[in-house]
Amino acid sequence: MQLINAEGDNLGPTPTEEALSMAVEQGLDLVEIAPNSQPPVCKILDYGRYKYQAQKKAAEARKKQKIVEIKEIKMRPNIDTHDYEVKMKNMLRFFDDGDKVKVTLRFRGREMAHQDLGMKLLLKVKAETADIAKVESHPKLEGRQMMMVLAPISR
């Protein structure tokens, strides 16, 4: 097998028994690094410390990941202008945070007869956010709700 010592120096091809005795002599472990290579590569190291460092590296990688959440904005077809502006401001904040936004329009009672008003409202939202967000799922009616999902444009 190809042997690498604790300092990282390549000692070349070494018999397994000799490599094991060298590891025990130094109070360390013999770890197979590349079992599929020809000949297999082994390294003399402290296995507990090696596992700990690998675990820390994996935790660091997980910490750097950005989890994209889907935030929901609920509206009604006859929403007032100020309420609409507040909801748009919240939506822009969500996009700045890198989150997706699900715009839900709920119809109650006789509002179902005026679905065109709801569609106009969702298209207005789409037009106002066109420069910072892309439509991930276009407006569609599901029961008494009309939904649309917007995702921020990555810069």
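At what angle do the axes of helix H3 and helix H4 cross? Keep that in mind while we walk through the chain; we'll come back to it once the surroundings of the two helices are in place. One thing to know before starting: this is a predicted model.

Let's begin with the overall layout. The protein chain splits into two domains, with domain 1 covering 2–63 and domain 2 covering 70–152. Measure from centre to centre over C-alpha atoms, and domain 1 and domain 2 are 56 Å apart. It makes sense to take them one at a time.

Start with the sheet built from S1 to S4. Here 4 strands make an open sheet, and reading across it you meet them in the order S2-S1-S4-S3, with mixed pairing. At the edges sit strand S2 (10–13) and S3, each of which pairs on one side only. Going from neighbour to neighbour in this sheet, the strands are turned by 25° on average, ignoring direction.

Where does the mixed pairing show up? Strand S1 (residues 2–4) and S4 run parallel and are joined by 3 bridges. If you want a spot to click on, pick Leu 3, whose bridge partner in S4 is Cys 42. On the S3 side things go the other way: strand S3 (residues 29–34) and strand S4 (residues 41–45) are antiparallel, paired over 5 bridges. Ala 34 is found opposite Val 41 of S4.

S3 and S4 are also linked by a hairpin of 6 residues, and that loop deserves a pause. Pro 39 is located in the loop between S3 and S4, and the peptide bond joining Gln 38 to Pro 39 is cis, with omega at about -10°. As background, most peptide bonds are trans.

Now hop over to the second sheet. Again 4 strands form an open sheet with mixed pairing, this time in the order S5-S6-S8-S7. Strand S5 (70–75) and strand S7 (133–142) are the edge strands, each pairing on one side only. The twist from one strand to the next averages 15°. In the middle of that order, strand S6 (residues 100–106) and strand S8 (residues 145–152) run antiparallel and are held together by 6 bridges. One pair to look for is Arg 106 with its bridge partner in S8, Gln 145.

Both helices from the opening question lie against this sheet. H3 lies across S5, S6, S7 and S8, running at about 170° to S5. H4 packs on the sheet too, touching S5, S6, S7 and S8, and its direction makes about 5° with that of S8.

So back to the helix pair. The axes of H3 (residues 81–96) and H4 (residues 115–128) come within 12 Å and cross at roughly 45°. Angles under 35 degrees would count as roughly parallel and 65 to 115 as roughly perpendicular, and H3 and H4 are therefore oblique to each other. As for the hand of the crossing, H3 passes H4 in a right-handed sense.

Which residues make the contact? From H3 come Tyr 84, Met 88 and Met 91, while H4 contributes Leu 121, Lys 124, Val 125 and Glu 128. Sorted by type, the residues in this contact of H3 with H4 are 5 nonpolar and 2 charged, with no polar ones.

Technical notes:
Residues are numbered from 1 along each chain as its sequence is written. This is a predicted model: local features need pLDDT of at least 70, side-chain atom pairs count only at pLDDT 80 or more; totals for chains, interfaces and linings use all residues. Side-chain values use heavy atoms; hydrogens and water are left out. Axes are lines fitted to C-alpha atoms, for helices over the stretch in contact, and angles run from 0 to 180 degrees between N-to-C directions. Angles under 35 degrees count as roughly parallel, over 145 as roughly antiparallel, 65 to 115 as roughly perpendicular and the rest as oblique. A crossing is left-handed if the near helix is turned anticlockwise from the far one by less than a right angle, and right-handed if clockwise. Contact means heavy atoms within 4.5 Å. Ala, Val, Leu, Ile, Met, Phe, Trp, Tyr, Cys and Pro count as nonpolar, Asp, Glu, Lys and Arg as charged, and the others, Gly among them, as polar. Domain bounds come from an automatic or database domain assignment. Two strands pair if DSSP finds at least two bridges between them.
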